[in-house]
Amino acid sequence: MKIIKNFVIILIAVTFVLIPLPKADLYFRIHFMDVAGTTCNLYYATETSNAFCAEQMISADIDYELGQVTFKLDSSLAEELTGLRFDFPNEEHLVCINHITLSSAGVVQKQFNPCDFFAYENLSQTNDIRDMSLVTAKNRAYFLTGSTDPFVVLSDDLVAQIVKGCSSYTLTRLGICIFLAAVYFMAKKNIFSKSKTEKNME
């Protein structure tokens with residue numbers, strides 16, 4: 001009977017962890033050491049509309065206190081996203097990027113070294129980027145931008161990596177199961193109750 005009970009509990013836990021759920025929104029953050037301007041834009045293309053247009057643009061203010069800009073990609077885009085274009089502020093300036101992160105379901109899912117993220121093979125197109133330097137020794141990417149629509153278009157392979165950052169809450173649900181199992185184990189062991197020796201001393 002106990003074996004059957006344990007089997008049912010394990011089956012419920014596995015089902016809880018693996019059952020498909022809608023994906024969480026994805027937060028794409030670019031961290032700056034130096035930047036000018038107030039906003040950056042992220043254009044996206046989808047399977048149904050494979051073009052970068054104003055209707056498919058996410059605009060975000062630069063947070064100078066945190067030194068970053070954050071774009072929220074709706075979870076509904078996860079299955080059909082085909083392209084991304086990052087637009088720098090329209091400023092003549094030397095931009096320094098030192099980190100890129102992808103967060104979903106409240107967890108950092110992936111971190112990119114900017115020298116890898118902006119490697120030449122990961123950029124399918126650039127515009128009004130007067131110079132670009134990847135300083136691998138310091139893990140920083142430098143862009144000398146012009147004031148006439150400077151942007152970079154990410155490669156298909158890089159976009160595919162970004163899409164994989166959307167969480168299905170699998171790790172979150174696994175964490176819940178581990179926590180409940182730990183609570184159950186401690187309750188069974190009764191580790192917080194007084195020992196016989198302590199009771200006798202009283």
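T39 lies in strand β2, and in this predicted model that residue offers a convenient way into the sheet described below. With a relative accessibility of 28%, T39 counts as partly exposed, because the class of partly exposed residues runs between the limits of 20% for buried and 50% for exposed. Not counting residues up to four places away in sequence, T39 is in contact with S59, A60, D61, I62 and P89. For one of these contacts, A60, the C-alpha atom is separated from that of T39 by 5.5 Å, although the two residues are 21 residues apart along the chain.

The strand that holds T39, β2, belongs to an open sheet of five strands, which are arranged in the order β3-β2-β5-β11-β8 and pair in the antiparallel sense. At the edges stand β3 and β8, and since each has a single partner strand, one side of each is left without a neighbour in the sheet. On average, and with direction ignored, neighbouring strands of this sheet are turned by 20° against each other.

Between β2 and β5 the antiparallel pairing extends over six bridges, and within it A45 has G83, in β5, as its bridge partner. Helix α3 packs on the sheet, where it touches both β5 and β11, and the direction of the helix makes about 100° with that of β5.

The elements named above span the following residues.

| Element | Residues |
|---|---|
| Strand β2 | residues 39–46 |
| Strand β3 | residues 57–61 |
| Strand β5 | residues 81–87 |
| Strand β8 | residues 123–127 |
| Strand β11 | residues 151–154 |
| Helix α3 | residues 156–163 |

Methods:
Residues are numbered from 1 along each chain as its sequence is written. This is a predicted model: local features need pLDDT of at least 70, side-chain atom pairs count only at pLDDT 80 or more; totals for chains, interfaces and linings use all residues. Side-chain values use heavy atoms; hydrogens and water are left out. Two strands pair if DSSP finds at least two bridges between them. Helices (H or I, at least four residues) and strands (E, at least two) are DSSP runs, numbered from the N terminus. Axes are lines fitted to C-alpha atoms, for helices over the stretch in contact, and angles run from 0 to 180 degrees between N-to-C directions. Contact means heavy atoms within 4.5 Å. Buried means under 20% relative accessible area, exposed over 50%, partly exposed in between (1.4 Å probe, protein chains only).
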